[in-house]
Amino acid sequence: MRILIIEDEKLLADSLLTLLTGKGFDVEVAYDGKTGKEYAELGIYDLLILDVMMPGMNGYEVARNVRSMKCGTPILMLTAKSELEDRITGLNAGADYYLTKPFDTRELLACINALLRRQGTQVDEIAYGNTSLDLSSALLICGTNTVRLSAKEFDIMRFLLQSGSRNLSKETILARVWGYDSDAVENHVEVYVGFLRRKLNSIGSNIRIAAIRRLGYHLEVTKHDEEAPS
């Protein structure tokens, strides 16, 4: 499970990173609201942990922006504000749960697990065109035809399906799939996109991975099997 923490208090953010990484979660941190919003809108996270009081763009604004993008990722808000009106504002902005600082780590973990269980029962596959990706089996499905994806193929295909017609740069795919500290290069993305194109063709999918120079990749629904250059 992949979690994004958006928290400008670096000490708290890094403590949460250590705690959740130790529990087996794949965790990334953004230390300001604007960066956090950009990460969250990618739609690749299973949960957002969002602070309210941040300079530039506060947590309410981030939540509203994420929800305006039709992103249904669960949002757990963390804040020192405990007044009823503040909690109502957070929930109305799109938060699923509101946890007041200071909090016990056991309560935090219980909230996270509850939100992830709820998300897991709601989203079993992602579909685009006549094709879907089963998130539990890593099967790419088109009608009665299926093909299993490798771990990296699955991550890239999921990312593309969640982004749909929005362009994803090779740099963004590298960072999200291989990680910021990886030695992987853009050619790795091109190779795996090639694998995915062939697998899509093999099951008769009507979606293709289109490439736009300097902008990256996005999905298109087409009746043709034409390929786009890397």
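**Close-up views of the predicted model**

**View 1. The five-stranded sheet and its edges.** An open sheet of five strands has parallel pairing and follows the order β2-β1-β3-β4-β5, where two strands pair if DSSP finds at least two bridges between them, and where strands (E, at least two residues) and helices (H or I, at least four residues) are DSSP runs, numbered from the N terminus. Because β2 (26-30) and β5 each have a single partner strand, they stand at the edges of the sheet, and one side of each is left without a neighbour in it. From one strand to the next, the twist averages 20°, with axes taken as lines fitted to C-alpha atoms, for helices over the stretch in contact, and with angles running from 0 to 180 degrees between N-to-C directions. This is a predicted model, in which local features need pLDDT of at least 70 and side-chain atom pairs count only at pLDDT 80 or more, whereas totals for chains, interfaces and linings use all residues. Residues are numbered from 1 along each chain as its sequence is written, and side-chain values use heavy atoms, with hydrogens and water left out.

**View 2. Strands β4 and β5, with helix α2 on the sheet.** Strand β4 (residues 75-79) runs parallel to β5 and is joined to it by four bridges; within this pairing, Thr79 has Thr100 of β5 as its bridge partner. Helix α2 packs on the sheet, where it touches β1 (2-6), β2 and β3 (47-51), and its direction makes about 160° with that of β1.

**View 3. Lys37 in helix α2.** Lys37 belongs to helix α2 (residues 33-40) and is buried, with a relative accessible area of 16%, where buried means under 20% relative accessible area, exposed over 50%, and partly exposed in between (1.4 Å probe, protein chains only). Leaving aside neighbours within four places in sequence, Lys37 is in contact (heavy atoms within 4.5 Å) with Ile6, Met57, Val62 and Asn65.

**View 4. Ala95 in the loop before β5.** Ala95 lies in the loop between α4 (84-93) and β5 (97-100), and its relative accessibility of 8% places it among buried residues. When residues up to four places away in sequence are not counted, Ala95 touches Ile75, Met77 and Gly90. Ala95 and Arg2, which are 93 residues apart in sequence, are 18 Å apart in space, C-alpha to C-alpha.

**View 5. Cys111 and Cys142.** Cys111 is buried at a relative accessible area of 9%, and Cys142 likewise counts as buried at 9% relative accessibility. The structure holds zero disulfides, a disulfide being a pair of cysteine sulfur atoms within 2.5 Å.
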